[in-house]
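Let's take a friendly walk through this model, from its interior out to its surface. Keep the viewer open as you read.

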Amino acid sequence: MSALTALLLPSVLLLTAVAGVWRRVDVYQTLADGAGEGLRILLRILPPLIGLMTAISMLRASGFLDWAAEALGPLLSRVGIPPETVGLLLVRPMSGSGALGLGAELMETYGPDSLVGRTAAVMLGSTETTFYTVSVYFGAVGIRRTRYALPAALCADLAGFLAAAWAVRLFFPDS
């Protein structure tokens with residue numbers, strides 16, 4: 001099985017090149033044009049990404065996430081979300097790598113088979129890095145005003161967090 005997997009990507013690239021030659025497309029020039037367009041998009045989206053990553057680092061370093069965990073813990077306990085996951089709830093919409101770090105930290109502290117560990121894992125899989133996604137995709141096409149996209153996406157994240165916590169309690173009642 002692994003030999004087939006190792007050949008999959010080179011096969012797709014080879015078939016794409018053969019199809020391009022068959023259709024009489026200058027495959028190399030098309031590849032170079034695509035790479036150039038990719039770099040132009042990168043230059044457009046890089047400033048918002050740097051700002052986003054800086055803001056996340058500042059939130060962690062300032063202790064704001066710890067304060068928010070203390071403030072929101074009792075409310076989240078009432079709706080079934082473990083209070084220990086508050087940092088994950090706040091960071092996940094902003095940063096995938098930051099959320100993965102927090103999730104790994106939670107699993108290391110509480111164990112991957114604990115209620116907190118399982119809830120963190122399901123939350124990571126059922127929510128999106130909303131601000132990152134909006135900044136990248138909207139920035140790539142030049143949209144400056146997101147209108148209702150951001151509030152709708154944050155509502156979807158909240159629904160994902162709630163569903164993750166409830167699903168873990170439903171399928172793993174002994175956690």
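Helices here are DSSP runs of H or I with at least four residues, strands are runs of E with at least two, and both are numbered from the N terminus. This is a predicted model, in which local features need pLDDT of at least 70 and side-chain atom pairs count only at pLDDT 80 or more, while totals for chains, interfaces and linings use all residues. Residues are numbered from 1 along each chain as its sequence is written, and side-chain values use heavy atoms, with hydrogens and water left out.

A good place to begin is T85, in the loop between α3 and α4. Is T85 buried or exposed? With a relative accessible area of 0%, T85 is buried; that word means under 20% relative accessible area, exposed means over 50%, and partly exposed lies in between (1.4 Å probe, protein chains only). Not counting residues up to four places away in sequence, T85 touches L106, V116 and M123, where contact means heavy atoms within 4.5 Å.

M123 leads us on to the largest nonpolar core, where I81, L88, L89 and M123 touch the most other members among 18 residues. Such a core is a set of buried Ala, Val, Leu, Ile, Met, Phe, Trp, Tyr and Cys residues joined through side-chain atoms within 4.5 Å. Two or more residues of this core come from each of α3 (64–78), α4 (86–91), α5 (96–110), α6 (115–126) and α8 (149–171). In soluble globular proteins, nonpolar side chains tend to be buried together. Take L88: beyond its neighbours within four places in sequence, L88 is in contact with P93, A99, L102, G103, L106, A120, M123, L124 and F161.

F161 is also one of the buried residues of α8, along with D157, G160, L162, A164, A165 and V168. What covers these residues of α8 includes α4, α6 and α7 (130–140). The 23 residues of α8 reach 32 Å from first C-alpha to last, close to the 33 Å expected at 1.5 Å a residue; the expected span is 1.5 Å times one less than the number of residues. P151 lies in this helix too, and P151 is partly exposed at 42% relative accessible area. Between P151 and V21 there are 46 Å in space, C-alpha to C-alpha, and 130 residues in sequence.

Now for the charged pairs. How many salt bridges does the structure hold? There are two, a salt bridge being a side-chain nitrogen of Lys or Arg within 4 Å of a carboxyl oxygen of Asp or Glu. E37 and R40 meet in one of them, at 3.1 Å from N to O. Because they are three residues apart in helix α2 (residues 27–62), E37 and R40 are separated by about one helical turn. E37 is partly exposed, at 35% relative accessibility. The side chains of R118 and D113 also meet in a salt bridge, at 3.6 Å; R118 is buried at 19%, whereas D113 is exposed at 55%.

Helix α2 has a further resident in L39, which is exposed at 54% relative accessibility. L39 joins L42, L46 and I50 in a nonpolar patch on the surface, with about 350 Å² of accessible area together. Such patches take residues with over 30% relative accessible area and no salt bridge, joining like charges within 9 Å and nonpolar side chains (Val, Leu, Ile, Met, Phe, Trp, Tyr) within 5 Å; the areas come from the Shrake-Rupley method with a 1.4 Å probe, and for residues only the protein chains shown count as cover.
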